[in-house]
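Trainee: I've got the model open and a list of labels I don't quite trust. Can we go through what earns each one?

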Amino acid sequence: MKTAQLLNYARDRWLPGDAVSLVELPSAIDGSPVALTGSGGLDFAGMATYAREVGGPALRRMTFHDRARMLKALGLAILARKEELYELNYATGCTRKDGWIDIEGGAGTLLSFSSKGRRELPDAHVLLDGQLEPLSKSGAFVGQHVFTSLQGVAVHINAYNFPVWGMLEKLAPTLLAGVPAIVKPASATAWLTEVAFRVMIEAGVLPPGAVQLVVGGVGDLFDHLTLQDIVSFTGSAATALKLQTHPVIARESVRFVAERDSLNASVLGPDAAPGTPEFDLFVREVVTEMTVKAGQKCTAIRRALAPAEHLDAVEAAIRDRLTKIIVGDPREKGTRMGALVNVGQREDVKKRIAEIAAAGARVVAGDPEASVGPDGGAFLQPVLLRADDPWACAAAHDVEPFGPVSTVMPYRDLDDAVKLANRGRGSLVLSLFTHSPEAARDFVLGAAAFHGRMLVIDRTNAQDSTGHGSPLPVLTHGGPGRAGGGEEMGGVRGVMHYMQRTAVQSSPGMIAAITDQYIPGGPKHEIGVHPFRCRMSELSIGDTLKTASRTVTLEDIEHFAHFTGDTFYAHMDEEAAKASPVFEGRVVHGYLILSFAAGLFVDPDPGPVLANTGLESLRFLTPLYPGDSMRVELTVRAKSLKSGDTGVVRWAVEIFNQNDEMVATYDLLTENVP
Ligand code: NAP
C-alpha cells in the first residue's frame with residue numbers, strides 16, 4: 001500500500017500540514033507506513049471564523065427538512081463508495097465484519113437521522129419545545145419554548161476505534177441542527193476518516209463552510225472558542241479531563257459533551273443457571289464483545305458478573321468459545337479477530353492486564369505474551385481474567401484495557417450484583433441476562449441511574465436483539481460519571497444538543513409569526529377551497545376551514561349509545577349525571593362529538609388526503625349538552641414528508657359550542673399527497 005499524505009480541509013480547500021508536523025501512521029497488520037498526517041500551519045482561528053460566518057448562515061438558511069435531505073445524500077454517497085473504505089479499513093486491524101459497523105453503520109446513522117428529521121421535525125427553522133404555556137387569563141400573553149440553531153461551530157474530536165461512524169454519528173445531529181463542524185479524527189486511523197470525509201465533500205451537497213477537517217493536532221483552536229461553540233469529544237478520560245479544564249471552556253461556558261471510556265458490565269441473572277438459554281446467550285455475548293474490533297469498543301463488556309455458584313461454569317464456557325476465535329490478518333477469510341490499532345496500543349493493553357492481575361485477578365484464558373499474526377502487527381490473543389474477590393480487586397472496576405479483555409467475577413445475590421455493576425462509577429451500557437421479570441425490575445431500578453443504556457436479554461428477545469455493544473441512532477448513547485456524563489444521538493434529542501432553548505413570551509400571534517408555525521390563538525386564514533382538496537404543497541401553515549354548526553339532540557345520544565353499546569351513566573341517566581360533580585345533566589359522548597366533528601369537516605371524495613392516521617393530544621374541555629350546537633375549525637398546524645411518496649399533515653382541530661367555548665381540541669394526522 002502506498003503511503004498517503006493526508007490533507008486537512010480548511011475553508012473549503014484541501015491543505016497539507018507543514019513538513020515538521022507530519023507523523024507516520026503504521027498499519028495494524030504489519031507496522032508498515034500507511035499515511036503521513038499533520039495539521040501544522042493551519043489557521044485554526046480562521047477556520048472557526050469561516051465556519052461561523054460562512055457555514056453557519058448557509059446551513060441556517062435551510063430548513064430541517066432541507067438538511068435532512070442533505071444527510072440522506074451524504075449517507076448514500078458513503079454507501080456508493082463503501083468498497084474504497086473497506087479496503088482502507090483492513091490497515092486499522094479490522095476485519096470486514098468489524099468495518100461494517102463502522103462504515104455501513106455510519107452511513108446508516110446519517111440515513112436514520114435524515115428520516116427522523118423529515119418525520120419528527122418541522123419543515124421550518126425553529127423547533128417548538130412542548131406546548132404553549134398560558135400566562136394570562138385572557139390568553140393574550142403566552143409562553144413557548146423554542147429551539148434555534150447555535151451560531152457557532154461544533155468541534156468534533158473523535159476516538160480512533162470508529163474512524164467513520166465516530167465522525168458521522170456526531171455530524172448527523174450537528175448538521176441537522178444547522179451547525180457547521182470542524183472534525184478532528186484520532187490520528188491513529190485518520191486515513192480512513194479522511195477518505196470518508198472526501199466522499200462527502202465530493203457528493204456536492206454540503207454548503208460552503210459546513211464541514212472542515214483537521215488531520216493532526218488542533219493547535220490553538222480552543223483559545224478561539226466562544227459561547228456559541230460546542231466541543232463534542234470522544235476518547236479517553238485522561239484526554240477529556242485535559243480538554244474540559246481548558247480555561248476558555250469554563251470562561252466562555254462552551255458546551256462540552258464528553259463520551260469517555262467505560263467499564264461496562266454484563267450480568268448473568270440469578271435464575272440463569274447452566275443449561276438455560278440465558279446462560280448460553282450471556283457467554284456468547286461476552287465473547288462477541290471481547291473479540292469484535294479486537295475489543296476496542298467503548299461499549300465492550302469489561303466486567304462479566306455471574307452468580308458465585310455458576311462462576312466456574314461461566315469461565316469454562318467462555319474459555320471454550322475463545323479457543324475457537326482465530327486471530328490473524330483481517331484480510332484472511334477465516335480470521336475472526338484482527339489486530340489492535342498499533343503496537344503501542346497493544347503494549348498499553350498488556351500493561352492494563354498486568355495492573356488488574358496485580359490487584360488480585362488471574363488470567364484464565366489467553367496469553368498476553370503469545371506471538372500471533374503476521375510479524376510487526378499489533379495482534380493479541382483475547383484474554384479472560386478472573387477476580388474471585390471483586391470487592392478487593394479495585395482495578396477490575398477502574399482500569400480499562402482497551403482491547404480483547406474481560407474479567408469474570410462472582411456476585412452473592414442480586415443486591416451485590418447491582419452494587420458491583422454500579423462500582424464502575426458510571427457506564428455507557430449494561431446488559432442483564434435473565435428470564436425473571438422480578439430480577440429485571442429490581443436490577444434496572446437499582447442500577448439505571450449509573451448506566452446510559454441497559455439491555456435485558458432473555459430467550460424471547462435474543463434473536464432480535466441489536467446487541468450489548470451497538471449504540472443506535474434512535475437511542476441515546478452516553479453515560480454518567482466515568483463514561484463522561486455526555487449524551488449523543490437519541491434521534492431528535494441529539495439534535496437539541498446543538499441548539500439553544502429559549503422561552504419566548506408574547507401574544508399567540510407574535511409567537512406564530514416568530515416560529516412560522518400555527519399556534520392556538522394565533523392567526524388563521526380561510527382559503528376559498530376545502531383544504532382536503534389541496535395537495536400538501538398547496539397548503540400553508542394556518543390555512544383554516546370553519547365549518548357550519550350542528551345541533552346535537554337527545555335522540556342523537558340515545559342512538560349513539562345503543563348503536564355502540566356505550567351506555568355510560570353520564571349519557572343515559574339524568575339523575576346520576578346531575579348528581580356527579582362534573583355534569584349538569586346528561587352529556588353528549590366525547591366519541592360522538594369526534595364523529596360529528598369529522599362529519600362537519602370531511603370532504604368525502606377521493607383526493608389529496610389519503611387517510612386518517614391518528615389523533616393526538618385530545619382534550620374534552622367543556623361538556624356538550626343535548627340541544628347545544630357544535631362547529632369545528634380545522635387548521636393546518638404542520639406538514640412533514642414521509643419516506644416514500646406521501647406526506648403527513650398535522651391539523652389543529654378545535655370544536656366550539658354555540659357560545660364559542662372550546663368543547664374539545666386535538667391534533668388530527670392525515671396521510672397526504674405531497
Ligand atoms: P484519546 O487518546 O483520548 O484520543 C481521543 C481524541 O482526542 C483523538 O482524536 C486525539 O487526537 C485527541 N486528542 C488527544 N489529545 C488532545 C489534545 N491535547 N487536544 C485536542 N485533541 C486531543 O482516545 P483514543 O485512544 O483515540 O480512543 C480510545 C479511548 O476512547 C478509549 O478509552 C475508549 O473507551 C474511548 N472511547 C469512548 C467512546 C464513547 O462513545 N464513550 C467511543 C469510542 C472510544 P490524536 O489521536 O491526534 O492524539
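Trainee: What makes the side chain of histidine 477 a polar contact of the ligand?

Mentor: First off, keep in mind that this is a predicted model. An N or O atom in the histidine 477 side chain sits 2.8 Å from an oxygen atom of the ligand. The cut-off for such a pair is 3.5 Å, so the contact counts.

Trainee: And which backbone atoms lie close to an oxygen atom of the ligand, at 3.1 Å and at 3.4 Å?

Mentor: At 3.1 Å you have a polar backbone atom of tyrosine 160. At 3.4 Å there's a backbone N or O atom of glycine 235. Both values fall within 3.5 Å, so both pairs pass. As for cover, the ligand taken alone exposes 900 Å², and the protein buries 81% of that.

Trainee: What is the shell around the ligand made of, by class?

Mentor: There are 11 nonpolar, eight polar and five charged residues. Of the 24 residues around the ligand, Asn158, Ser187, Ser236, Thr239 and Glu400 come nearest.

Trainee: Which helix and strand, and which domains, feed that shell?

Mentor: Strand β11 (230-234) and helix α7 (237-244) each give at least two residues. On the domain side, domain 1 (4-260) and domain 2 (264-476) each contribute at least three.

Trainee: Why is leucine 428 called buried?

Mentor: Its relative accessibility is 2%, and buried means under 20%, so leucine 428 qualifies. You'll find leucine 428 in strand β18 (residues 427-433). If you want a sense of distance, its C-alpha is 37 Å from that of glutamine 517, with the two positions 89 residues apart in sequence.

Trainee: Why does aspartate 375 get the opposite label, exposed?

Mentor: Exposed needs over 50%, and aspartate 375 has 70% relative accessibility, so the label holds. Aspartate 375 is in the loop between β15 (362-365) and β16 (383-386). Its C-alpha lies 38 Å from that of alanine 10, which is 365 residues away along the chain.

Trainee: What makes the phi of alanine 294 worth a flag?

Mentor: Its phi is near 50 degrees, a positive value, and alanine 294 isn't a glycine. Most residues other than glycine have a negative phi. Alanine 294 belongs to the loop between α9 and β14 (303-307). It is also buried, because its relative accessible area is 1% and the limit is under 20%.

Trainee: Which residue in strand β21 has a positive phi too?

Mentor: That's methionine 489, with a phi of about 55 degrees although it is not a glycine. Strand β21 covers residues 488-489. Methionine 489 has a relative accessible area of 1%, which is under 20%, so it is buried.

Trainee: Which residues touch the most other members of the largest nonpolar core?

Mentor: Ile318 and Phe443, out of 68 residues in that core. Helix α9 (residues 277-291) supplies the largest share, seven residues. Domain 1 (4-260) and domain 2 (264-476) each put in at least three. In soluble globular proteins, nonpolar side chains tend to be buried together.

Trainee: Last one: how much of the protein is buried, and what are its overall dimensions?

Mentor: Buried residues account for 56% of the 674 residues. The C-alpha trace spans about 90 × 60 × 45 Å along its principal axes, and the protein has 20 helices and 29 strands.

Conventions:
Residues are numbered from 1 along each chain as its sequence is written. This is a predicted model: local features need pLDDT of at least 70, side-chain atom pairs count only at pLDDT 80 or more; totals for chains, interfaces and linings use all residues. Side-chain values use heavy atoms; hydrogens and water are left out. A residue is near a molecule or strand if one of its heavy atoms lies within 4 Å of it. A polar contact is a pair of N or O atoms within 3.5 Å; within protein, one must be able to donate a hydrogen and the other to accept it, and residues adjacent in sequence count only if both atoms are side-chain atoms. Accessible areas come from the Shrake-Rupley method with a 1.4 Å probe; for residues, only the protein chains shown count as cover. Helices (H or I, at least four residues) and strands (E, at least two) are DSSP runs, numbered from the N terminus. Ala, Val, Leu, Ile, Met, Phe, Trp, Tyr, Cys and Pro count as nonpolar, Asp, Glu, Lys and Arg as charged, and the others, Gly among them, as polar. Domain bounds come from an automatic or database domain assignment. A nonpolar core is a set of buried Ala, Val, Leu, Ile, Met, Phe, Trp, Tyr and Cys residues joined through side-chain atoms within 4.5 Å. Buried means under 20% relative accessible area, exposed over 50%, partly exposed in between (1.4 Å probe, protein chains only).
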